[in-house]
Amino acid sequence: CVAFNFHGDDKHISLTSCSLHFYTLKVLNAFARDNKPGSAERAWDFLCQLEEERISGESNFIPSSVSYATVINAFAQASGRENGGLSTVKKAQEIYEKLIDQMKEGMIYGRAD
């Protein structure tokens with residue numbers, strides 16, 4: 001595990017990359033289990049934010065295939081609700097294809113199930 005240190009407003013938080021990944025999955029799971037409209041989109045937005053921070057150099061955190069699978073699951077669950085439907089299924093497929101592309105490029109750890 002790699003340690004991350006955050007400083008600000010008299011607070012000092014030290015997390016290992018393992019615990020950071022654990023808490024990230026907790027946030028993604030919270031979005032995935034939320035039955036409110038837009039929860040799957042919020043999970044996706046959160047994952048995209050993590051990706052942007054990694055690309056910009058703000059963070060060393062690399063989402064895993066589990067992170068993507070959690071978001072895909074959020075869209076799958078949303079597809080069965082009254083505000084879901086075909087558009088959420090298509091979004092899940094789009095995210096899955098992005099996951100596969102990034103795995104082929106070696107940008108994400110894990111393997112496709």
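Start with the whole chain and colour by burial: buried residues make up 33% of the 113 residues in the protein chain. Keep in mind that this is a predicted model. Switch on the surface, and you are looking at about 7,300 Å² of accessible area, 53% of which belongs to carbon and sulfur atoms.

Now change to a cartoon. You should find four helices and two strands, and walking along the sequence gives the order β-β-α-α-α-α. If you have a contact map to hand, take the contacts between residues at least 6 apart in sequence: 49% of them join residues at least 24 apart.

**Stop one: the core**

Select Leu28, Trp44, Leu47, Tyr68, Val71, Phe75 and Ile95 and show their side chains. The largest nonpolar core has 20 residues, and these seven touch the most other members. Next, colour α1 (17–33), α2 (39–56), α3 (65–79) and α4 (86–104) separately, since each of these helices supplies at least two residues of the core. Which helix gives the most to this core? That is α3, with six residues. As background, nonpolar side chains in soluble globular proteins tend to be buried together.

**Stop two: Tyr68**

Stay with the core and centre on Tyr68. Setting aside residues up to four places away in sequence, Tyr68 touches Trp44, Leu47, Glu51, Pro63, Ile95, Lys98, Leu99, Gln102 and Ile108. Show these partners as sticks and you will see Trp44, Leu47 and Ile95 again, which were among the best-connected core residues.

**Stop three: α3 against α4**

Hide everything but α3 and α4. These two helices pack at an angle of about 170°, and their axes lie 8 Å apart. That angle makes α3 roughly antiparallel to α4. To see who meets whom, select Ser65, Tyr68, Val71, Ile72, Phe75, Ala78 and Ser79 on the α3 side; on the α4 side, take Thr88, Val89, Lys91, Ala92, Ile95, Tyr96, Lys98, Leu99, Gln102 and Met103. Colour the selection by class, and this contact shows eleven nonpolar, four polar and two charged residues.

**Stop four: Ala43**

Bring α2 back and click on Ala43, which sits in that helix. Is Ala43 buried or exposed? Ala43 is buried, because its relative accessible area is 0%. Leaving out neighbours within four places in sequence, Ala43 is in contact with Leu28, Phe31 and Val71. Then draw a distance from Ala43 to Ile72: their C-alpha atoms are 9.3 Å apart in space, with the two positions 29 residues apart in sequence numbering.

**Stop five: two partly exposed residues**

Move to α1 and pick Lys26, which is found in that helix. Lys26 has a relative accessible area of 48%, so it counts as partly exposed. Draw a C-alpha to C-alpha distance from Lys26 to Ser67; the pair is 41 residues apart along the chain and separated by 9.8 Å.

Finish on α3 with Asn73, another residue to click on in the cartoon. Asn73 is partly exposed as well, given its relative accessible area of 37%. Where does a distance from Asn73 to Ala92 take you? Between their C-alpha atoms you will read 7.8 Å, for residues 19 apart in sequence. Ala92 is one of the α4 residues you selected at the contact with α3.

How values were computed:
Residues are numbered from 1 along each chain as its sequence is written. This is a predicted model: local features need pLDDT of at least 70, side-chain atom pairs count only at pLDDT 80 or more; totals for chains, interfaces and linings use all residues. Side-chain values use heavy atoms; hydrogens and water are left out. A nonpolar core is a set of buried Ala, Val, Leu, Ile, Met, Phe, Trp, Tyr and Cys residues joined through side-chain atoms within 4.5 Å. Buried means under 20% relative accessible area, exposed over 50%, partly exposed in between (1.4 Å probe, protein chains only). Contact means heavy atoms within 4.5 Å. Axes are lines fitted to C-alpha atoms, for helices over the stretch in contact, and angles run from 0 to 180 degrees between N-to-C directions. Angles under 35 degrees count as roughly parallel, over 145 as roughly antiparallel, 65 to 115 as roughly perpendicular and the rest as oblique. Ala, Val, Leu, Ile, Met, Phe, Trp, Tyr, Cys and Pro count as nonpolar, Asp, Glu, Lys and Arg as charged, and the others, Gly among them, as polar. Accessible areas come from the Shrake-Rupley method with a 1.4 Å probe; for residues, only the protein chains shown count as cover.
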